[in-house]
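Got your viewer open? Let's walk through this model stop by stop, selecting as we go.

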Amino acid sequence: MDTHADKQPPIISGAYAEGRLARAFVTALTHADPATRARAEERAGGWRRVLAGMAAGTLKVGSRTPVRGLPAWVTPEVLHGGFATGTARAGGPLLAYETEAARKAGVPEDREALFAHCLTETGLAELWGLLDSTCYEVALPEEAALLTVAWLVRAGEAEAALDLVREIAPFAATLRFTPRPTGSPAPDTDAVHRRTVAEAGATLAARGPNGAVETQREALRVWRPFEDELLGHWLETAGPDHRVLDRAPGGGWHERGTALLDRYRSLALEHTLCGRHRDPRGNPGILREALEETAAGRPLDARRLGLLRHAVASMVRKRGLPGSERHTAVRSAQAAQAALPSHRDVAHLVAHRLSGLPQDSGAADVSALVAPVTEAEGERSGLPAGTVVPPAIRRVVEAARSAPLPTLVELGVVPSAEVLAELVPQLVAAETARAHRDAPLRTLAAANYRAFRNRRSLLLLDLERQVRIEELPWVRAVSAQRASGADVRDSAHATLRRLAEVAVDGFPGTLLPNPLVRELSVLARRTGLDAPLVEELAADIFMGTFSPKFQAAAVVAGKLLGDGSLYERYYGIDYAAVRALADAGPGRGAARRKAARDAPEFAALCHERAGARPFGGVAENGTVIEQAQILTTHNLATLVHRVGIAPAGGWADLARRCFVTVCRLTGRVHHERWPLATVKDAAYAWRQMLFHLSLCDGETAAGVLAGMPGELARHPGHVAARLAPALAGLRLVADGGSFAADGTADAGRARRLTGWTATGGHWLCVEPTGPGRLPEA
């Protein structure tokens, strides 16, 4: 197949960068929030550097070394879409800790001088002290370089240390290679946390007043009592039936009315949040304006008098007479509500609790942090003792809980696979560190790994791969120190299986996000398993072919599902033909896959199944990529067949939960203006459901199918109508039938559910015309 290597996707053109620059520029000029404007201005500066670098030829978009003069291991500054700006993240002006280190060392305040100092006896001794105390932080991988040099020197690996210094020395004047000292040792990495204690505390400390809540508080504490006074003042003129102005007011009535109006003006100047009192059409406004007229000595005309009497009658009817039992009960409840402590004050108190804990890690036990306000805290803060911490504040604290990953998923602290992917590097860092025998080196390796995983991915073309941690010079320098026995492989395998089970079991029907796939791939390489894991590809930069691991993953799927499984029959796959592709030609097997850059036969098969032209538009690219996901099961088969995962509740339970996800996503289609992204997510969940069903025995799978109408009944009626063709197709295949070449059967009433379409609208988006049926597409 012709790969058209010279074909470039539109995203790498200058027009894309110009569009992002324009968006950032508009936000920087027009957004109401100053912090948002500042961030937008920073982004705009980045996009200007991108455009300047592309014009000057110093930036090569799509390359793994996009910045001229910088090797692949340097951490680049990367913007949205994977565009490098041409700036190294470890570059720029000296940070405060570097300036302080230079001052203490008595050297000029520049990086080259600081680099040279670290290689002296005094500098090495300082680095050894940091290694032993672990009181340092590595925010960027480069900041681990000189610590690695110091470790090598102390370990007697002088030649390896010299080689590392020679490799990084050309960048000593521009890049930051020194670590950041901290006041506390590095945290334990066996448990994970979504946020550090410091981050949670800062969020709570920065919490300001809630405008809506404070407006309501002002209304209840200030304006409702004043309205009662107004009403009571007019009721002095009412007869037995509460009809105002039926009798002459008592002595001093006009003077008291003038005083009320003066107090209103003072209150309006002081309390400006609530505006209801200014509405002339509201009952309080009618009472006040009528009082203005009488205070000015003008009689009320018939219209205003009618409005006044109606307003008074409405207020009395709603809450009773001021002072009555009903009225008093309402106002007492409102006063109690207004007296409740503000969330801001409670947040600041909890932030104070957090300030007493180690700041650079999570909190193992958060129960005391979210307990009700104590007597001592009440005396200090003014909050009533026993005040309960509101749920919104509890959630911020819960995010700093440090616990095993399954616990965090169960508690809802990890609400999605994307958040899970953010946390997994902490565990993989610990697993990476265990391979080192020396304790200080283990801590350094874990810190370096966590920093490396904060590196943003580059936009890459021509099947280039992202830089791996093994390519960092300081990681290579200590690679010989890693243990490689069965214990290390078994530990990595156990971690891999545990993380994969949490992801698959915890978030059914969700595609494994690319950052999580990368972490699982790292562990798979450590285990020595032949476990090909594949990423989700972007349709807008798809180059028409796939790397060999996609074909290898499809072969693994065929070994698991290739004996006439429900999955194979539903999607019309010939897994025997897929295996034949892998076996065809000279240089078979793993050696051939390792040498090849792409798998053209597999790509041709995906194009054929999608019915797409080579190098079509984004939608056609999407249909081809989806066929690759179908053939490979997007990692599920590899995780089951090679890694050995198994859900705690069994495959049938997982299939049911995937169907719940399908129904939930289909329900969103009805309300969305652009629903195709949701349709694709629903098709992903449907595919996972079919995979899990295929691992059940026939009787169990039939039970899951029989329970689907009951689940549909728990969703809006249009969900069942939209999914009717998909369910008909599933029942057809389960009963031994098959689809036509276009994915339909039974005159179009049964359809194969896939997410991408190259023909425009998707049949799942068509509005139902009757219960349980859709119009012909």
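The tour starts with the whole protein, then moves to its cores, a helix, some cysteines and a handful of loops.

**The whole thing**

Keep in mind that you are looking at a predicted model. Show everything as a cartoon to begin with: you should find 33 helices and 6 strands. The C-alpha atoms fill a box of roughly 110 × 85 × 55 Å along the principal axes.

Now switch on the surface. About 35,700 Å² of the protein is exposed, and 54% of that comes from carbon and sulfur atoms. Of the 777 residues, 48% are buried. Colour by charge next, and you get 92 positive and 87 negative side chains. The centres of those two sets lie 3 Å apart.

How much of the contact pattern joins residues at least 24 apart? Among contacts between residues at least 6 apart in sequence, the share is 71%.

**Into the nonpolar cores**

Hide the surface and select Phe177, Leu405 and Trp686. They belong to the largest nonpolar core, which has 145 residues, and these three touch the most other members. Add helix H18, residues 417–434: this helix gives the most to the core, with 10 residues.

Zoom in on Leu405 and show what surrounds it. Setting aside neighbours within four places in sequence, Leu405 is in contact with Val192, Val414, Leu420, Leu423, Val424, Leu427, Leu499 and Val502.

There is another core to visit, apart from the largest one. It holds 27 residues, and you can find it by selecting Val222, Trp223, Trp253 and Ile286, which are among its members.

**Helix H16**

Next, select residues 391–398, which make up helix H16. Which of its residues are buried? They are Ile393, Val396, Val397 and Glu398. To see some of what covers them, bring in helix H8 (197–205) and helix H14 (343–354), which are part of that cover.

**Cysteines**

Show the cysteine sulfurs if you like hunting for disulfides, but expect none: a search of the whole structure finds 0. Try Cys135. Why has it no bonding partner? Its closest cysteine sulfur is in Cys118, 17 Å away, and that is too far for a bond. Cys135 counts as buried, at 17% relative accessibility. Then jump to Cys606, also a buried residue, at 0%.

**A pair with positive phi**

Go to the loop between helix H28 (618–632) and helix H29 (636–643), and pick Thr633. His634 sits in the loop between H28 and H29 as well. Most residues other than glycine have a negative phi. Thr633, though not a glycine, has a positive phi of about 60°. His634 is not a glycine either, and its phi is positive too, at about 45°.

Are these two buried or exposed? Thr633 is buried, with a relative accessible area of 3%, and His634 counts as buried at 3% relative accessibility.

**Pro372 and its loop**

Pro372 is the next pick, in the loop between H14 and helix H15 (375–381). This proline is partly exposed, with a relative accessible area of 42%. Select Gly386 along with it: the two are 14 residues apart along the chain, and their C-alpha atoms are separated by 5.0 Å. Beyond neighbours within four places in sequence, Pro372 is in contact with Arg353, Glu377, Gly386 and Thr387.

**Gly572**

Move on to the loop between helix H24 (566–570) and helix H25 (575–583), where Gly572 lies. At 46% relative accessibility, Gly572 counts as partly exposed. What does it touch, leaving aside neighbours within four places in sequence? Its contacts are Arg609 and Arg752. Draw a C-alpha distance from Gly572 to Arg752 and you should read 9.9 Å, for residues 180 apart along the chain.

**Last stop: Ala158**

Finish at helix H7, residues 158–168, which is where Ala158 is placed. Ala158 counts as partly exposed, at 45% relative accessibility. Add Arg64 to the selection: Ala158 and Arg64 are 94 residues apart in sequence, and their C-alpha atoms are 31 Å apart in space.

Notes:
Residues are numbered from 1 along each chain as its sequence is written. This is a predicted model: local features need pLDDT of at least 70, side-chain atom pairs count only at pLDDT 80 or more; totals for chains, interfaces and linings use all residues. Side-chain values use heavy atoms; hydrogens and water are left out. Helices (H or I, at least four residues) and strands (E, at least two) are DSSP runs, numbered from the N terminus. Buried means under 20% relative accessible area, exposed over 50%, partly exposed in between (1.4 Å probe, protein chains only). Contact means heavy atoms within 4.5 Å. Accessible areas come from the Shrake-Rupley method with a 1.4 Å probe; for residues, only the protein chains shown count as cover. Lys and Arg count as positive and Asp and Glu as negative; His and the chain ends are not counted. The place of a charge is taken as NZ of Lys, CZ of Arg, CG of Asp or CD of Glu. A disulfide is a pair of cysteine sulfur atoms within 2.5 Å. A nonpolar core is a set of buried Ala, Val, Leu, Ile, Met, Phe, Trp, Tyr and Cys residues joined through side-chain atoms within 4.5 Å.
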